[in-house]
Amino acid sequence: MIAEAVLKPGGSAATALYIVAFSLFIVGVRRGTHPTTAKQGNLIAAAGMAVAVVTTLLLDGIGNWGLIAAGLGIGATIGVVASIRVQMTQMPQMVALYNGVGGGAVALIAWSEIRHGISLGETIPLATLIPVLFAAVVGSVSFWGSNIAFGKLQELIPTRPLAIPGQQVINALLLIGIVAGCVEIAANNGDPSQAIFIAILVAAAVLGNLVVLPIGGADMPVVISLLNAFTGLSAAAAGFALDNVALIVAGTLVGSSGTILTMEMATAMNRSVANVLFAGFGGVPAAGAGGSTEERPHTSIGAQDAAIKLAYADSVVIVPGYGLAVAQAQHAIKEVADELEKRGVTVSYAIHPVAGRMPGHMNVLLAEADVPYEQLKEMEEINPEMSRTDVAVVVGANDVTNPAAKNDPDSPIAGMPIIEVDEAQQVIVIKRSLSPGFAGIDNDLFYEPNTSMLFDDAKKAAADIAAEIQNL
Amino acid sequence: MTLITEITIFVLAAFVGFEVISKVPTTLHTPLMSQTNAIHGIVMLGGLIVVGYANDPLEYVIGTIAIAFGTINVVGGFMVTDRMLGMFSRKPKPKADADGKGDS
């Protein structure tokens with residue numbers, strides 16, 4: 001052993017330090033649930049992590065310091081650089097990527113652990129082997145699933161749901177194969193086959209790809225949150241295999257809190273988790289939801305008309321959505337708001353709970369563009385004011401403004417809370433086309449008599465409108 | 001540690017996790033997900049442990065990548081969460097002041 005050992009693994013001192021670490025995690029997550037303490041909570045959890053890492057480095061049996069230094073150095077450099085460079089609009093995919101590497105680490109640790117077990121030539125106890133297999137499968141699924149989620153959010157692969165023929169059958173067969181492989185290894189725990197283990201890793205990788213590929217980009221937040229919970233559970237499994245209490249507690253904590261968070265997120269989007277995983281949205285266009293495909297009459301206007309409507313209004317509510325995030329139009333929209341405010345127009349922003357690509361994402365984007373916090377209004381706050389609003393500007397939002405959600409009980413989005421822009425005196429919708437949003441249904445709002453459509457890229461349209469207002 | 005002790009810890013930790021996340025405002029869903037995401041980067045400890053008894057080139061490589069992956073998860077996760085939350089606390093809040101910012 002190269003290490004100058006200080007702490008005995010599983011000994012009182014090491015365990016006590018691990019208890020300190022996971023207590024800090026629990027306090028950190030608890031504080032993370034409240035806006036005023038969230039930032040502090042994150043730092044507390046990070047401090048807990050520092051305690052856990054230092055404790056582990058002091059354990060007897062830790063060696064190969066060159067490799068440890070290399071791993072820590074490479075990982076920290078990539079982590080720091082990526083976190084500083086990433087743009088606020090790309091946050092969700094960054095989280096997906098971090099989640100993926102976490103899952104990848106779990107799968108690799110499981111692989112290393114099983115090789116170690118085989119090389120010892122003794123029977124591997126099932127209490128170690130079963131968690132190792134679980135960690136390998138879930139870690140691998142999480143790694144690949146997260147990478148697909150990243151690809152979809154980064155638009156490297158199509159964001160629309162990709163239907164694969166016979167998908168459910170293939171997934172079921174893969175799952176059966178994985179379970180059979182695990183049973184085979186567990187039954188031969190005296191001399192487990194590494195080849196079968198690698199086959200399991202590969203099958204889990206394919207499964208991870210196939211499960212996430214058919215899911216539409218708009219549902220990715222729920223998927224990432226779910227994979228996050230899975231990675232937590234796989235980390236806990238690795239803790240069972242390595243007899244490490246810090247891993248067990250922290251992993252389980254993430255697994256259970258992540259599950260709750262996933263369900264809350266799905267509820268906020270008016271979806272069930274099962275629905276996200278097993279049904280592509282829009283697959284069942286309900287009859288009577290106005291699903292006819294013929295052209296319906298609508299009003300189209302240009303930037304100049306839009307500028308006039310806005311400049312002579314008293315109050316304007318901007319409703320930003322997914323399209324604004326994609327077009328990175330937050331700064332351009334802020335310019336429009338600035339021009340309007342110079343002319344004495346009251347401007348506020350209506351934030352739907354799931355606006356943007358993730359709950360809370362829109363707040364971050366607008367904050368980045370220096371939109372004052374007081375102008376951001378939550379849905380419940382703004383809806384009663386809508387009827388007193390002169391012009392509502394919908395920028396890249398669609399389903400969250402569809403009046404069918406409250407008017408048409410047969411609509412697939414019936415009951416989903418919406419921002420009631422149809423109550424405003426006039427509505428301007430900035431959108432590339434009349435195409436439906438992720439729900440795959442027509443938006444009745446576009447055909448209302450008081451709605452004007454401005455067909456353009458959100459960023460360009462906003463810049464044009466700002467310039468036109470200046471010219472008035 | 002016996003298996004039954006570990007299972008006890010597991011079950012209790014699961015309940016703590018369920019209890020801790022209660023009624024989260026939607027605005028905090030993404031940062032909180034990101035923070036819990038960083039916490040499961042604790043698997044890097046597993047990397048540190050397995051690399052200690054790695055004894056062939058493949059295991060060296062696997063272990064080192066596992067440590068690097070785990071470290072990216074931890075370092076990147078906490079930093080990105082901090083950046084997200086920084087965006088919120090830079091502006092004065094309507095209800096409560098950002099007291100979390102000053103004393104950290």
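This is a short dialogue about how chains A and B meet in a predicted model, with a look at two loop residues at the end.

Biologist: How many residues does each chain give to the contact between chain A and chain B?

Modeller: Chain A brings 101 residues to the contact, and chain B brings 84. On chain B, the helices α1 (3-20), α2, α3 (44-52), α4 (57-89) and α5 (99-102) each supply at least two residues of the side that touches chain A.

Biologist: Which helix gives the most to that side of chain B?

Modeller: That is α4(B), with 30 residues. By class, the side of chain B that touches chain A has 49 nonpolar, 26 polar and nine charged residues.

Biologist: How should I read a pair of packed helices?

Modeller: Two packed helices are described by the angle between their axes and by the distance between those axes. Let us try helix α8 (residues 220-242) of chain A with helix α2 (residues 29-39) of chain B: their axes come within 9 Å and cross at roughly 25°. Angles under 35 degrees count as roughly parallel, and α8(A) and α2(B) are therefore roughly parallel to each other. Their crossing is left-handed.

Biologist: Which residues make that contact between α8(A) and α2(B)?

Modeller: From α8(A) come A:S225, A:N228 and A:G232, and from α2(B) come B:M33, B:T36 and B:N37. This contact of α8(A) with α2(B) has one nonpolar, five polar and no charged residues.

Biologist: And how do the axes of α9 of chain A and α2(B) cross?

Modeller: Helix α9 (residues 245-268) of chain A and α2(B) have axes that come within 9 Å and cross at roughly 160°. That makes α9(A) roughly antiparallel to α2(B). The crossing of α9(A) with α2(B) is left-handed. Among the residues in contact are A:L253, A:V254 and A:L261 of α9(A) and B:L32, B:M33 and B:I39 of α2(B). The residues of this contact divide into eight nonpolar, four polar and one charged.

Biologist: What lies in the loop between α8 and α9 of chain A?

Modeller: A:D243 is found there. Look at its backbone: A:D243 has a positive phi of about 55° although it is not a glycine.

Biologist: Where is A:D370, and what is its phi?

Modeller: A:D370 lies in the loop between α14 (361-368) and β4 (376-378) of chain A. Its phi is near 65°, again a positive value in a residue other than glycine.

Biologist: Is A:D370 buried or exposed?

Modeller: A:D370 has 12 C-beta neighbours inside 10 Å, so it counts as exposed. A:D243 has 17 such neighbours inside 10 Å and therefore counts as partly exposed.

Key. Residues numbered from 1 in each chain as written. Chains lettered and ligands numbered in written order. Predicted model: local features only at pLDDT ≥ 70, side-chain atom pairs only at ≥ 80, totals over all residues. Axes fitted to C-alpha atoms, helices over the stretch in contact; angles between N-to-C directions. Helix = DSSP H or I, 4+ residues; strand = E, 2+ residues; numbered from the N terminus. Parallel < 35°, antiparallel > 145°, perpendicular 65-115°, else oblique. Left-handed = near helix turned anticlockwise from the far one by under 90°. Contact = placed C-beta atoms within 7 Å. Nonpolar A, V, L, I, M, F, W, Y, C, P; charged D, E, K, R; others polar. Buried ≥ 20, exposed ≤ 12 C-beta atoms within 10 Å, placed from the backbone.
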